[in-house]
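Reader: Before we discuss particular strands and spaces, could you set out the structure and then take my questions one at a time?

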Amino acid sequence: GQIGFSLQGQYGTLLNGGPLGDQFGSGAGLAVRLRYRTRFERAFGLSFESQKLDARVAPVVDTSRTTLSVLLSGADFYQLFNTDQKVQEMLSLGAGLAQLHYTLRDGEIEYPLAGDGLYLSLGAGLERFFYRSLAFDLSTRYIAIFHDSHVNHDLQASAGVIFYASY
């Protein structure tokens, strides 16, 4: 097996149809992933992501919510394909904790009364090795965020670099 460390920039959007998606649109984020690849074309990992989404309607009063910050911390399972090639494809499935907070127009931070939520994710991506154990890591994911008895739908695209410790 090998241990990999990935750093990715991402851009995502909440779809209309959930309470969060009705208020907030899209924004950038950062993801840090730790991945352990087994020799059977599978991998297990931990993901830590932060995404900041802008309000769909421009705030008018100081107590209006201008941004939503979403922090995702969870575990992932990966099924890898073509692991003996320079370009390797993967499918992923993840679950974890979703922590939310709002930034108001006056700069104050507001936490939802409902507390934290949970999430499930489904993704696809590829790695392209460019130098020994360094690879470009490109992926896209669908994330269902369960918060306050509602489901919110997030789509993300990520690009970054992954380093695998070789031994």
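Author: Two strands are taken to pair if DSSP finds at least two bridges between them. The model discussed here is predicted, and by that criterion strand S7 (residues 117-131) and strand S8 (residues 134-147) are joined by 13 bridges and run antiparallel.

Reader: Which residue in S8 does Gly123 stand opposite?

Author: S7 and S8 run antiparallel, and they form a hairpin with two residues between the strands, where Arg132 takes a positive phi near 45°. Within this pairing, the residue in S8 that stands opposite Gly123 is Arg141.

Reader: On the other side of the pairing, which residue in S9 stands opposite Arg141?

Author: S8 is also joined to strand S9 (residues 150-164), by 14 bridges and in an antiparallel sense. These two strands form a hairpin with two residues between them, and Asp148 in that turn has a positive phi of about 55°. Opposite Arg141 in S9 stands Gln156.

Reader: What volume does the largest cavity have, and which residues are the closest to its centre?

Author: The structure holds one cavity of 30 Å³ or more, and the volume of the largest cavity is about 100 Å³. Its lining comprises 16 residues, with strand S2 (26-37), strand S4 (65-81), strand S5 (87-104), S7 and S8 each giving two or more. By class, that lining has four nonpolar, seven polar and five charged residues. The closest to the centre of the cavity are Arg33, Tyr78, Ser92, Ser139 and Arg141.

Reader: Which helix gives the most to the lining of the largest pocket?

Author: The largest pocket holds about 180 Å³ of space, and of the 13 residues that line it, the closest to its centre are Arg65, Tyr102, Pro112, His147 and Asp148. Seven of the lining residues are nonpolar, three are polar and three are charged. The element that gives the most to this lining, with three residues, is helix H1 (residues 19-23).

Reader: Which residues touch the most other members of the largest nonpolar core?

Author: In soluble globular proteins, nonpolar side chains tend to be buried together. Here the largest nonpolar core has 13 residues, and S4, S5 and S8 each supply at least two of them. Leaving aside residues up to four places away in sequence, Leu68 touches Leu14, Leu20, Phe24, Gln51, Lys52, Leu53, Leu100, His101 and Tyr102. The residues that touch the most other members of the core are Leu68 and Val70.

Notes: Residues numbered from 1 in each chain as written. Predicted model: local features only at pLDDT ≥ 70, side-chain atom pairs only at ≥ 80, totals over all residues. Heavy atoms only, no water. Helix = DSSP H or I, 4+ residues; strand = E, 2+ residues; numbered from the N terminus. 1 Å grid on protein atoms, 1.4 Å probe; cavity = no way out; pocket = protein on both sides within 12 Å on 5 of 7 lines; lining within 4 Å. Points joined across faces, edges and corners; volume = space filled by probe spheres on them. Nonpolar A, V, L, I, M, F, W, Y, C, P; charged D, E, K, R; others polar. Core = buried A, V, L, I, M, F, W, Y, C linked by side-chain atoms within 4.5 Å. Buried < 20%, exposed > 50% of the residue type's maximum accessible area, 1.4 Å probe, protein only. Contact = heavy atoms within 4.5 Å.
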